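Please take a moment with the sequence and the model before reading on. The paragraphs below move from the chain as a whole to its sheet, its core and a few chosen residues.

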Amino acid sequence: MDASSSVGSKVFASLPNLVDLNLGIFEYRANLVADLNLKGSPLISLKSVKGLIQGRSATNQIAITVHPDVYAKLTDPDDSEWYALLDLASEKNITFVTI
């Protein structure tokens, strides 16, 4: 899927103060079926990212693009809460990428 067809390619591109994101308010209950672009949200919370992962029931492979600060937390083995999201995401066919 190209960047122009990913969820949030324009919606979340310029939200540097976004902390909490709850897509469960929408009808599809956070069941992401397309790539999600959160690259402009360096403050996105652990709870929000975990909720996106846990709410997903689709089985296709998707990527969530995150800000480099968020990616650093996800890939830091010393930050056990964020790092645990990698395994959880893998179980749901989600990979994290950064810009």
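Among contacts in the protein chain between residues at least 6 apart in sequence, what percentage join residues at least 24 apart? In this predicted model, the figure is 78% of those contacts. The chain contains 3 helices and 3 strands, and when these are read along the sequence they follow the pattern β-α-β-α-α-β. Of the 99 residues in the protein chain, 39% are buried, while the surface that the chain exposes comes to about 5600 Å², with carbon and sulfur atoms supplying 53% of it.

A word on confidence belongs here. The average pLDDT of the protein chain is 81, and 70% of the residues score at least 70. Over residues 1-6, however, the pLDDT is below 50, and this stretch has 7 contacts in the model beyond near neighbours in sequence. Residues 25-29 also have a pLDDT below 50, with 4 contacts in the model beyond near neighbours in sequence.

The strands provide a convenient frame for the rest. All 3 strands form an open sheet, in which the order is β1-β2-β3 and the pairing is parallel. Because β1 (36-38) and β3 (94-98) each have a single partner strand, they stand at the edges, and one side of each is left without a neighbour in the sheet. From one strand to the next, the twist averages 20°. The pairing of β2 with β3, in the parallel sense, runs over 5 bridges, and within this part of the sheet Ile-62 stands opposite Ile-94 in β3.

Thr-65 shows what surrounds a residue of strand β2, which spans residues 62-66. Is Thr-65 buried or exposed? Its relative accessible area is 17%, which is under the 20% limit, and therefore Thr-65 counts as buried. Once its neighbours within four places in sequence are left aside, Thr-65 is in contact with Leu-36, Asn-37, Leu-38 and Lys-39, and also with Val-97, Thr-98 and Ile-99.

From the sheet one can turn to the nonpolar residues. The largest nonpolar core has 17 residues, and those with the most contacts inside it are Val-49, Ile-53, Ile-64, Leu-74 and Phe-96. Two or more residues are given to this core by each of β1, α1 (46-54), β2, α2 (68-74), α3 (80-91) and β3. Val-49, taken as one of the residues just named, touches Ile-44, Trp-82, Leu-85 and Phe-96 when residues up to four places away in sequence are not counted.

Two further residues complete the tour, one in a loop and one in a helix. Pro-42 is found in the loop between β1 and α1, and with a relative accessibility of 17% Pro-42 counts as buried, because the limit for that class is under 20%. Although Pro-42 and Pro-68 are 26 residues apart in sequence, their C-alpha atoms are 7.4 Å apart in space. Ser-90, by contrast, has its place in helix α3, and its relative accessible area of 49% makes Ser-90 partly exposed, since a residue is called exposed only when the value is over 50%. Between Ser-90 and Ile-53 there are 9.3 Å in space, C-alpha to C-alpha, for a separation of 37 residues in sequence.

Conventions. Residues are numbered from 1 along each chain as its sequence is written. This is a predicted model: local features need pLDDT of at least 70, side-chain atom pairs count only at pLDDT 80 or more; totals for chains, interfaces and linings use all residues. Side-chain values use heavy atoms; hydrogens and water are left out. Helices (H or I, at least four residues) and strands (E, at least two) are DSSP runs, numbered from the N terminus. Buried means under 20% relative accessible area, exposed over 50%, partly exposed in between (1.4 Å probe, protein chains only). Contact means heavy atoms within 4.5 Å. Two strands pair if DSSP finds at least two bridges between them. Axes are lines fitted to C-alpha atoms, for helices over the stretch in contact, and angles run from 0 to 180 degrees between N-to-C directions. A nonpolar core is a set of buried Ala, Val, Leu, Ile, Met, Phe, Trp, Tyr and Cys residues joined through side-chain atoms within 4.5 Å. Accessible areas come from the Shrake-Rupley method with a 1.4 Å probe; for residues, only the protein chains shown count as cover. pLDDT is the predictor's confidence in each residue, from 0 to 100.
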